[in-house]
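Here is a friendly walk through a protein model, written for someone who likes to know which parts sit next to which. Have the structure open as you read.

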Amino acid sequence: MKNDKKGQQYRVNEQIRVREVRIVGDGESMVVPTRQALDMAHQQGVDLVEISPNANPPVCRLIDYSKFLYQQKKRAKEMKAKQVKQEVKEIRFGPQTDDHDYNFKLKHAKEFLMEGNKVRAYVFFRGRSILFKEQGEVLLLRFANDLEEYGKVEQMPSLEGKKMFLYISPKKAGVAKKSQQKMDRERREAEAKENARVATREESATIDPEDVIPANGGLFANIKGGDELLKKLKSEDE
């Protein structure tokens, strides 16, 4: 047995002082007296390593202890590498963001969510632009609805000082990729609808919530407080 100078995490060989143990390996399992298990390890030129002391009887493996520690270290390193570090990405809007800037930021938000990151979108009201806070709220609701297949709303738009925030967390990996074709089709339909509306509305008209929020509530139908907020937006438009 190779001694672990940094302190042993597992009991090995004569340190195992129970009457019997369960030996596992190569898809097999058998319960034998501990003395017999030690003899088996000696014959094979390996160690008897206790890997599950709380089992009844304790579970052991016949393996070189140094090799066993290396395997454990390698497995831990691989698990750590697979862990995805989630970040919070910010998207900033103005209360009167134009369509080109909106679509540019929408594209980045999709990429952030597909990478497993959260998105914190906010509208910044500078000076007297705070008068357009309801227009900023509609903008964030539109943004959340356009990201419906990429993420889920954690917090509805809320005003904090001069900023109105919306928080969106990613859905499971792969969901958005499967619906990319559908999203592209819906985007083209939405753009065609918007162009037709712009061509017919009066120059002084404001954003109509009916155009950015589906009649059935869409993304907000299953969100706490979503129905009330939807009714509020529609009533203010009337």
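Which residue in β2 does E20 stand opposite? In this model, which is predicted, the residue facing E20 is P33 in β2. Let's use that pair as the way into the sheet around it.

**The sheet with β1 and β2**

Strands β1 and β2 run antiparallel and are joined by 6 bridges. They belong to an open sheet of 4 strands, ordered β2-β1-β4-β3, in which the pairing is mixed. At the edges stand β2 (28-33) and β3, each with a single partner strand, so one side of each is left without a neighbour in the sheet. On average, and with direction ignored, neighbouring strands here are turned by 40° against each other. As a general reminder, the strands of a sheet pair through backbone hydrogen bonds, either parallel or antiparallel.

A helix goes with this sheet too. Helix α1 (residues 34-44) lies across β1, β2, β3 and β4 (59-63), and it runs at about 120° to β2.

**The sheet with β5 to β8**

Another open sheet of 4 strands has the order β5-β6-β8-β7, again with mixed pairing. Its edges are β5 and β7 (151-160); each has a single partner strand, so one side of each is left without a neighbour in the sheet. Neighbouring strands of this sheet are turned by 15° against each other on average, direction ignored.

Inside it, β6 and strand β8 (residues 163-170) run antiparallel, joined by 6 bridges. If you want a spot to click on, A121 has L166 in β8 as its bridge partner.

Helix α3 (residues 99-114) lies across β5, β6, β7 and β8, running at about 170° to β5. Helix α4 (residues 133-146) also lies across β5, β6, β7 and β8, and its direction is at about 10° to β8.

**Salt bridges**

How many salt bridges does the model have? The count comes to 7. Among them are the three pairs in this table, each with its N to O distance.

| Acidic residue | Basic residue | N to O distance |
|---|---|---|
| E50 | R11 | 2.7 Å |
| E20 | R19 | 3.8 Å |
| E90 | R120 | 2.2 Å |

Take the salt bridge of E50 and R11 to begin with. This pair links distant parts of the chain: E50 is in strand β3 (residues 47-52), R11 is in the segment before β1 (20-25), and they are 39 residues apart. Is E50 buried or exposed? E50 counts as buried, because its relative accessibility is 3% and the cut-off for buried is under 20%. Its partner R11 is partly exposed, with a relative accessible area of 34%.

Now back to E20, the residue opposite P33. The side chain of E20 also meets that of R19 in a salt bridge. E20 counts as partly exposed at 27% relative accessibility, while R19 is exposed, with a relative accessible area of 69%.

The remaining pair in the table is E90 with R120, at 2.2 Å. E90 lies in strand β5 (residues 88-93) and R120 in strand β6 (residues 118-124), so this salt bridge ties together parts that are 30 residues apart in sequence. Both ends count as partly exposed: E90 has 42% relative accessibility, and R120 has 25%.

Conventions: Residues numbered from 1 in each chain as written. Predicted model: local features only at pLDDT ≥ 70, side-chain atom pairs only at ≥ 80, totals over all residues. Heavy atoms only, no water. Salt bridge = Lys/Arg side-chain N within 4 Å of Asp/Glu carboxyl O. Helix = DSSP H or I, 4+ residues; strand = E, 2+ residues; numbered from the N terminus. Buried < 20%, exposed > 50% of the residue type's maximum accessible area, 1.4 Å probe, protein only. Pairing = 2+ DSSP bridges. Axes fitted to C-alpha atoms, helices over the stretch in contact; angles between N-to-C directions. Contact = heavy atoms within 4.5 Å.
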